[in-house]
Amino acid sequence: MGERLLLVSTNYAPEQAGIGPYATQIAEHLAAARGAEVHVLAGMPHYPAWRLDPAYRGALRVTEERGGVRVHRRRHTVPPRQTALRRAVYEASILAGGLLAPPRTGRPDAVLAQVPSLAGGLLAARVARRHGVPYVPVVQDLMGAAAAQSGIAGGGRAAGAAAAAERRMLRGATLVGVIHDTFRPRLAALGVPEDRVRLVPNWSHVPGPSAPRARTRRRLGWPEDRTVLLHSGNMGLKQGLDVLIDTARHDPGLHVVLMGEGSQRARLARLASGVPNAELLPPAAADDFPDVLAAADVLVVTQRAAVLDMSVPSKLTSYFRAARPVLAAVAEGGGTAAEVRASGAGRVVPPEDPAALAAAARAFAADPAAADAAGARGAAYAEAHLSRAAGLRRVTALLDEALALGGRRATARPGQPAGEGERPA
């Protein structure tokens with residue numbers, strides 16, 4: 001029998017934002033490139049809108065085939081508004097689903113996990129421990145830090161519990177992947193030995209733009225006489241997107257666009273209702289997304305001032321591919337600032353400072369050649385360092401090293417077919 005792998009990721013296709021696309025591409029790559037039998041334990045699609053996909057409404061368990069991968073989905077709560085308590089219930093429901101109805105996959109050769117889902121990481125560690133096989137989490141976000149830094153109601157009290165769960169799920173890992181080197185000190189504080197940590201950066205999972213910028217701007221109704229600032233992605237608490245509405249108020253000559261979904265979208269829409277140069281858009285379709293990004297004058301990533309090392313937004317890889325300058329209104333010491341500087345794609349300005357954000361946008365507008373050059377550097381950086389092929393090679397190397405460390409154990413495969421007793425999609 002061939003290699004059998006299990007990936008645990010709460011987020012998975014058809015989700016098109018955040019971690020879902022990375023989990024999907026990893027699983028499908030391992031199935032295609034290695035000829036492996038790949039199973040994924042996932043949640044029901046709900047991100048970034050934090051609304052259950054209507055196609056899965058009423059389902060408790062679903063098994064479906066996607067891209068050569070067998071996906072086992074378990075029902076869980078989907079909180080439309082984020083508080084520490086609601087997040088805890090969400091994680092608990094994911095954990096309960098995986099414990100009460102584990103996917104029938106047979107014994108895997110290794111178990112991978114996409115973290116930040118604490119429940120997903122704990123489930124993956126449990127399966128690996130039960131079968132005595134390598135366990136390899138890839139840390140996309142640090143939930144203990146997130147709870148403390150994001151501003152979520154009750155987050156300070158939840159931070160200790162989240163960090164304790166992270167410590168439990170990471171310390172026993174064969175190897176731990178991180179998407180940025182700024183995560184290393186935090187992992188060391190959680191007790192993860194440095195010699196077990198490997199860098200596996202995210203990659204650009206969208207193509208470059210194809211349509212002329214002017215045509216896309218006309219279609220979107222964006223004014224030619226204003227500098228368009230675009231934020232695309234999740235509208236959550238940690239992004240601190242109020243600063244963009246305040247930036248629009250501060251400088252009526254800018255046209256500020258927030259495109260996406262998330263727990264804060266309704267509140268942001270209320271804030272923007274009296275600001276004529278602030279616009280909210282739904283997420284662009286996958287085939288239109290690269291052209292919409294490229295039609296903006298400046299692409300913006302924002303984070304609350306308290307956010308330091310808990311995450312590096314996945315939107316950056318897409319921004320770089322769009323070949324437009326990037327403004328990062330983020331803390332100086334975090335991974336986002338480091339990545340923008342490494343790419344040469346833009347500038348870092350103080351977080352939660354609308355005047356600084358507006359001034360930096362105006363500087364790009366006043367020097368189109370410098371703006372184009374910054375965008376070109378971002379695209380070149382993505383091509384050289386953030387290609388899908390390079391990213392997937394790193395993931396494969398991480399898995400191969402973990403298998404070598406953990407050793408392969410030849411066992412007879414159980415006769416029970418995978419997914420028996422689950423409802424096919």
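Modeller: In this predicted model, a helix is a DSSP run of H or I that holds at least four residues, and helices are numbered from the N terminus. Arginine 129 is found in one such run, helix H3.

Biologist: Why is arginine 129 called exposed or buried?

Modeller: A residue counts as exposed when its relative accessible area is over 50%. Arginine 129 has 58% relative accessibility, and therefore it is classed as exposed.

Biologist: Which residues make the positive surface patch, and which element gives the most to it?

Modeller: The patch is formed by Arg126, Arg129, Arg130 and Arg168, and it is called positive because Lys and Arg count as positive. Helix H3, which spans residues 118-131, gives the most, with three residues.

Biologist: How do you know that glutamate 64 and arginine 66 form a salt bridge?

Modeller: The rule asks for a side-chain nitrogen of Lys or Arg within 4 Å of a carboxyl oxygen of Asp or Glu. The closest N and O atoms of glutamate 64 and arginine 66 are 3.2 Å apart, so the pair meets the rule. By this rule the count comes to 21 salt bridges.

Biologist: What makes glutamate 64 buried or exposed, and what is the class of arginine 66?

Modeller: Buried means under 20% relative accessible area, and glutamate 64, at 8%, is therefore buried. Arginine 66 has 27% relative accessibility and so counts as partly exposed, since that class lies between the two cut-offs.

Biologist: What makes the contact between aspartate 251 and arginine 362 a salt bridge, and which parts of the chain does the pair tie together?

Modeller: Their closest N and O atoms are 3.0 Å apart, which falls within the 4 Å limit, so the two residues are counted as a salt bridge. Aspartate 251 lies in the loop between H8 and S10, whereas arginine 362 lies in helix H13, so the pair links parts that are 111 residues apart in sequence. Aspartate 251 is buried, with a relative accessible area of 14%, while arginine 362, at 35%, is partly exposed. Elsewhere, salt bridges that share partners join Arg213, Arg217, Glu224 and Asp297 into one network.

Biologist: Within that network, how do you know that glutamate 224 and arginine 217 are paired, and why is each called buried or exposed?

Modeller: The N to O distance between the side chains of glutamate 224 and arginine 217 is 3.6 Å, which is within 4 Å, so they meet in a salt bridge. Glutamate 224 has 55% relative accessibility and is therefore exposed, whereas arginine 217 has 4% and is therefore buried.

Biologist: Which residues of helix H8 are buried, and what do they pack against?

Modeller: In H8, residues 242-250, the buried ones are Val243, Leu244, Ile245, Thr247 and Ala248. They pack against strand S9 (227-232), strand S10 (254-259), helix H9 (265-272), strand S11 (278-281), strand S12 (298-302) and helix H13 (354-366).

Biologist: Why is valine 257 called buried or exposed, and which residues does it touch?

Modeller: Valine 257 lies in strand S10, and its relative accessibility of 0% is under the 20% cut-off, so it counts as buried. Apart from residues up to four places away in sequence, valine 257 touches Trp222, Val228, Leu229, Leu230, His231, Glu279 and Leu281.

Biologist: What makes the backbone at alanine 323 and at glutamate 352 worth a remark?

Modeller: Most residues other than glycine have a negative phi. Alanine 323, however, has a phi near 65 degrees, and glutamate 352 has a positive phi of about 55 degrees. Alanine 323 is in the loop between helix H11 (315-321) and strand S13 (326-329), and its relative accessible area of 28% makes it partly exposed. Glutamate 352 is in the loop between strand S14 (346-349) and H13, and at 48% relative accessibility it too counts as partly exposed.

Biologist: Which peptide bond leading to proline 14 and which one leading to proline 48 is cis?

Modeller: Most peptide bonds are trans. The bond from alanine 13 to proline 14 is nevertheless cis, with omega near 15 degrees, and proline 14 is placed in the loop between strand S1 (4-8) and helix H1 (20-34). A cis bond also joins tyrosine 47 and proline 48, with omega about 5 degrees, and proline 48 lies in the loop between strand S2 (37-42) and strand S3 (61-66).

Note on methods. Residues numbered from 1 in each chain as written. Predicted model: local features only at pLDDT ≥ 70, side-chain atom pairs only at ≥ 80, totals over all residues. Heavy atoms only, no water. Patch = residues over 30% accessible without salt bridge, like charges linked within 9 Å, V, L, I, M, F, W, Y side chains within 5 Å. Areas by Shrake-Rupley, 256 points an atom, 1.4 Å probe, with all protein chains shown as cover. Charge placed at Lys NZ, Arg CZ, Asp CG, Glu CD. Helix = DSSP H or I, 4+ residues; strand = E, 2+ residues; numbered from the N terminus. Buried < 20%, exposed > 50% of the residue type's maximum accessible area, 1.4 Å probe, protein only. Contact = heavy atoms within 4.5 Å.
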